[in-house]
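The exercises below are to be worked with the sequence and the coordinates at hand. Each task is followed by a solution in steps.

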Amino acid sequence: MCGIGGFVDYEHDARRYAAAAERMQRSLTPRGPDASGDYQDADAVLVHRRLIVIDPDGGSQPMYAPDGNTVLVYNGELYNTEEIRRDLLARGHTFRSHSDTEVLLHAFLEWDTDAFERLNGIFAFAIWQKKERRLVLCRDRLGVKPLFVARLQDGIVFGSTIGAVLCHPAVEPEVDEDGLRAVLLLGPARPPASGVFRQIDSLLPGHYAVLTPEGYADRTYWKLEAHEHPDDLETTIARTHELICDAAQRQLVSDVPLACFLSGGLDSSILSMLAAKDYAARGETLHTWSVDYRDNDKYFTKNSFQPNSDNEFIQMMVDALGTKHHNVVIEPDALCAALLPATDARDLPGMADVDSSLLLFCAAVKNGGTTVCLSGECADELFGGYPWYHREEILFEDTFPWSRSVDLRLGLLAPGIVQNGAEFVREHYLATCRRAEKLPTDSKKDARMREMFVLNLDWFMATLLDRKDRMSMYSGLEVRVPFCDHRIVEYAYNMPWDFKALDGREKGVVRRAFAHELPEEIVVRKKSPYPKTFHPAYTRLCADYVRRIFEDSDSIAAHLFNHAAVEALMEKPESLAEPWYGQLMRTPQIFAYIIQIDRWLRQYKVRLV
């Protein structure tokens, strides 16, 4: 994985912003600590930072076409590199390396933008054609890898991170009313096309954009489509098993050390099992990693969203697979302190300590000698793993199911800070539901499940993918997510709900598909999310930090919130009836989110306009 950035200026010599390009490249260093490169001409500047995973010698970037006219900077991994390479060899192309970067470049030379629908992988890249003065940007189908753009009068700025785009002097750190409402009422999610800052957009997943002196065009090369499901139950179980195994196998390719995140849940256990088998066949031992918190054995509290702790299930899988396991234990004070760099890593307020814990965890994994990991994200969104798929009173509630109470959020804000907040949230919700393609034969429940699928894909899963990419890449750790393979997503979208919820269980079809390859306790274990700390010291640390923010007259964040309402939560943390976002984000995470908002406003010198 890597970090990319650059800009095009059709009116002036782009090289006059060489200092901005240097700042952009430095800002991307955590994403690519191993090497750097740049390209400059009168119209365009491209920068690249590289994390070496495949072909250390042959994958240097920017990469040039044989005639020198086409230049590529690329962040990602292709999982069907060899299939595409074979097609290109048959068409007369020659290769000097075994890197996926070179295969991508030659695919573009052969098929232009028609190449993108052939790619299986996670990626964001920019291709500059000097003679044509043409820039092409592209992002993977599920948005695993980020790509932000700022349109200028005579060109564009782009980058893997918001921070990289802000390095250009023509892009101001301004947040308008929509951006503020997104942070305060939708956060840590953000609208799919939004970069929150006024000038910055996110290129949508499954899209590419073309910039020429004549104009800018944003086009779709992939979207979810509704079809009749072609398979009976037994075939569906077998096909689900086949797709997951194939996706995992493709993503085990690496020229550097690879490990698995292991929580003892169904999804990470499947991936760890498949990886351990592959390693055992080569006479090697897989390394696995898990995260926990100091004294969670003492303070853990069961609830409907988190019914049990991970530890006993992790050990069960370690024993079954014979992996070399590493457990990272996080202290409350370190978790609170890491809220600040976690905000910097995301360039926005994020998932509070769900982010900061992952940041610390990924740093420990990287320091332990691992460069690539597999992680089980996205199975829940695809196969109905969350409680809101199964609780009828939530399923048909006409709002985002993971953030149901706009009134709670509005009640924590100072009067007049946002206008028309409920309407803003509702329009984003309705617009997403309208994007869900349906069949005339869908029942009311099937139609709603398609809406839930797209809601989860475009918002909740996107937030988790943002989290995983930013927190891992901040330490130069590449994390792959096999369940995000677009073939799995397409198959799951059209699978009948009765199959997904087979045996009355969340992810029932996945459980049945791997029932004979995992310990029974893992197969029947109730869904439990990424762990959080229950330590009261963490709540006190965050509350005290918020009090200091509120006492600071220079803090913009202090003026955004209703101090009395927040103080009431400090006095009675248990008064919050349910999570305000997702499954775990309760009162301590509200305090942590305020801390992250304060950090973001200060660090980026945000101006509210």
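**Exercise 1. A tryptophan and its core**

Leaving aside neighbours within four places in sequence, with which residues is Trp-600 in contact?

Solution. The model is a predicted one.

Step 1. Outside the excluded window of four places, Trp-600 touches Val-175, Val-183, Val-196, Phe-197, Thr-343, Asp-347, Leu-348, Pro-349, Lys-605 and Val-606.

Step 2. The largest nonpolar core has 108 residues, and within this core Leu-184, Phe-197 and Trp-600 touch the most other members. Helix α26 (residues 587-603) provides the largest share of this core, nine residues.

Step 3. A second core of 75 residues is separate; Val-144, Val-318, Leu-382 and Val-510 are among its residues. As a general background, nonpolar side chains in soluble globular proteins tend to be buried together.

**Exercise 2. The parallel sheet**

Determine the strand order of the open sheet of five strands, and explain why β16 and β18 each have one side without a neighbour.

Solution.

Step 1. The order is β16-β15-β14-β17-β18, and the pairing is parallel.

Step 2. β16 (324-330) and β18 (478-480) are the edge strands; each has a single partner strand, and therefore one side of each lacks a neighbour in the sheet.

Step 3. Ignoring direction, neighbouring strands of this sheet are turned by 30 degrees against each other on average.

Step 4. The pairing can be followed strand by strand. β14 and β15 run parallel and are joined by three bridges, with Ala-259 opposite His-287 in β15. β14 also pairs with β17 in the parallel sense, over three bridges, and there Cys-260 has Leu-374 as its bridge partner. Three bridges likewise connect β17 (residues 372-374) to β18, where Cys-373 stands opposite Val-479.

Step 5. In β14, Leu-258 and Cys-260 are buried on one side, and Ala-259 and Phe-261 are buried on the other, so that both faces are covered.

**Exercise 3. Two helices beside the parallel sheet**

At what angle do α11 and α12 pack, and which residues of the two helices meet?

Solution.

Step 1. Helix α11 (residues 339-346) packs against α12 at about 90 degrees, the axes being 8 Å apart. The two helices are therefore roughly perpendicular.

Step 2. From α11, Leu-339, Pro-341, Ala-342, Ala-345 and Arg-346 meet Asp-353, Asp-355, Ser-356 and Leu-359 of α12. This contact comprises five nonpolar residues, one polar and three charged.

Step 3. The loop between α11 and α12 holds Asp-347. Phi of Asp-347 is positive, near 70 degrees, in a residue other than glycine. Asp-347 has a relative accessibility of 4% and thus counts as buried.

**Exercise 4. A lysine in an edge strand**

Is Lys-324 buried, partly exposed or exposed?

Solution.

Step 1. Lys-324 is located in strand β16. Its relative accessibility is 46%, so Lys-324 is classed as partly exposed.

Step 2. Leaving aside neighbours within four places in sequence, Lys-324 is in contact with Thr-285, Leu-286, His-287 and Thr-288. Between the C-alpha atoms of Lys-324 and Trp-289 the distance is 8.7 Å, with 35 residues separating them in sequence.

**Exercise 5. The antiparallel sheet**

Give the strand order of the open sheet of six strands, and identify its edge strands.

Solution.

Step 1. The order is β2-β3-β1-β9-β8-β11, with antiparallel pairing. The edges are β2 (35-40) and β11 (200-202), each of which pairs on one side only. From one strand to the next, the twist averages 15 degrees.

Step 2. β1 (residues 2-9) and β3 (residues 44-50) run antiparallel and are joined by seven bridges; Gly-5 stands opposite Val-47 in β3.

Step 3. Helix α1 (residues 18-27) lies across β1, β2, β3 and β9 (155-159), and runs at about 20 degrees to β3.

**Exercise 6. Backbone details in loops**

Which peptide bonds, leading to Pro-62 and Pro-188, are cis, and where do these prolines lie?

Solution.

Step 1. The bond from Gln-61 to Pro-62 is cis, with omega near -5 degrees; Pro-62 is in the loop between β3 and β4 (63-64).

Step 2. The bond from Gly-187 to Pro-188 is cis, with omega near 10 degrees; Pro-188 is in the loop between α5 (177-186) and β11.

How values were computed
Residues numbered from 1 in each chain as written. Predicted model: local features only at pLDDT ≥ 70, side-chain atom pairs only at ≥ 80, totals over all residues. Heavy atoms only, no water. Pairing = 2+ DSSP bridges. Helix = DSSP H or I, 4+ residues; strand = E, 2+ residues; numbered from the N terminus. Axes fitted to C-alpha atoms, helices over the stretch in contact; angles between N-to-C directions. Contact = heavy atoms within 4.5 Å. Core = buried A, V, L, I, M, F, W, Y, C linked by side-chain atoms within 4.5 Å. Buried < 20%, exposed > 50% of the residue type's maximum accessible area, 1.4 Å probe, protein only. Parallel < 35°, antiparallel > 145°, perpendicular 65-115°, else oblique. Nonpolar A, V, L, I, M, F, W, Y, C, P; charged D, E, K, R; others polar.
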